[in-house]
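User: Could you take a close look at one part of this model for me, the aromatic cluster and what surrounds it? I would like the cut-offs spelled out as you go.

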Amino acid sequence: MASNIVTIISSFVIAVIVALTVQIFYFSPIDPLPLQIPPSSSAKHNQLKNIIKLGEGILKDPEDVCFDKEGTLYSVTRDGWIKRLPRNGDWENWKHIDSNTLLGITASKHGGLIVCDATKGLFKVTEEDGFTVLVNGSQANFADDVIEASDGSIYFSDATKKHGLHDVHLDLLEARPHGQLLKYNPTSNEVSVVLDKLHFANGVALSKDEDYLLVSETWKSRVLRHWLKGANKGKTDIFIENLPGGPDNINLAPDGSFWIALVSLTSEGLEYMHKYKVTKHLLASFPRLYELTSGQTKKATVANVATDGSIIRIFGDNDGSVINFVTSAVEFEDHLYLGSLNSNFVGKLPLNSAY
Ligand SMILES: *[C@@H]1O[C@H](CO)[C@@H](O)[C@H](O)[C@H]1NC(C)=O
């Protein structure tokens, strides 16, 4: 009798193990590579807890912000709006598109904005014409961030050719280089590849003299530098690596340094989950389990990085209670403006205080 029960129980245990193995390996949606995630060191002080909240309640997950020549602040929202705050004015609902995947924006020198949509591609948005497609979703799978050079060239990232914004966690777990940095030529209407095989191509910025481009490789916790001018023209090197978070949007500061938003790729102490294929398959198969281990909403970190790739200062909200999942930091007239994928406001931090 006792041995029967043992047989039944052990058969059951074996069946469960087989079912799990089949689920994890055979039906796994990913083909992963091991990923080394550097520990996410916390900022020394919680400066980001001192932000003023702009547009609270009317800005749904404003991923990016930018300013035009007049000093009007623009932001994109998850419900398809470009909203703006004129100097000394009130928030306006400027332009709308049927989309819940608007990401990086930049002001064009010729007026209007250039806007990334992770589903539909790259747009020009003007007062007169509203949204006009520059590059459609068949040429850019996941337009993420954009910058315009003074010769009119538009550089933008295609984060990953394989996944979309709704399953971006699978791209992280897979940790393969599906991303690229693209260039759109507005005269010829052509798109060309500047850099291929990037591990989630995210933030894009031009140096003050436009002699190089920076592009975030979020999953690799590093930023690459691609030279556009000078002796190194055409070459690519590592600008900064081992960042204490995955680099998201990058913005040039008025002094020529850069502000890089860093998102937590995983909860602290769970970095090892990304080192093994088996744990990756497990997390990919069970989204609820993945959610428990993901770290984006647990803190906010932004780094100010000098042109030599050294960190000047790091600001944070170490438990994310005021602002978290900060995806962009833009410096304008001695203030830092913060976009976030988990807030209903844009953060504003005075920089001239004693930080
Ligand atoms: C996308 O753009 C390309 C190149 O301009 C064009 O050939 C193609 O027809 C467009 N696709 C859609 C669905 O508009």
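Analyst: Happy to. Y212, W227, F239 and F258 form one aromatic cluster. A word on the basis: this is a predicted model, where local features need pLDDT of at least 70, side-chain atom pairs count only at pLDDT 80 or more, and totals for chains, interfaces and linings use all residues. Residues are numbered from 1 along each chain as its sequence is written, and side-chain values use heavy atoms, with hydrogens and water left out.

For the rings, Phe, Tyr and Trp (its six-membered ring) pair if their centres lie within 6.5 Å; planes under 30 degrees apart count as stacked, over 60 as edge-to-face and the rest as tilted. The structure holds 11 aromatic pairs. One of them lies outside the cluster: F67 and Y337 have ring centres 4.8 Å apart and planes at 70 degrees, so they are edge-to-face. This pair links distant parts of the chain, since F67 is in strand β2 (residues 65-67) and Y337 in strand β23 (residues 335-340), 270 residues apart. Helices (H or I, at least four residues) and strands (E, at least two) are DSSP runs, numbered from the N terminus. F67 and Y337 are both buried, where buried means under 20% relative accessible area, exposed over 50% and partly exposed in between (1.4 Å probe, protein chains only).

Back in the cluster, the rings of Y212 and F258 have their centres 6.3 Å apart and their planes at 50 degrees, so this pair is tilted. Y212 lies in strand β15 (residues 212-217) and F258 in strand β19 (residues 258-263), so the pair ties together parts that are 46 residues apart in sequence. Y212 and F258 are both buried. Y212 also has a charged partner: the charged end of R225 sits over its ring, 5.7 Å from the centre. The test for that is NZ of Lys or CZ of Arg within 6 Å of the ring centre and within 35 degrees of the ring normal.

Since you may like a strand pair for context, β20 (residues 300-305) and β21 (residues 311-317) run antiparallel and are joined by six bridges; two strands pair if DSSP finds at least two bridges between them. V302 stands opposite F315 in β21. β20 and β21 form a hairpin with five residues between them, and G309 in the turn has a positive phi of about 85 degrees.
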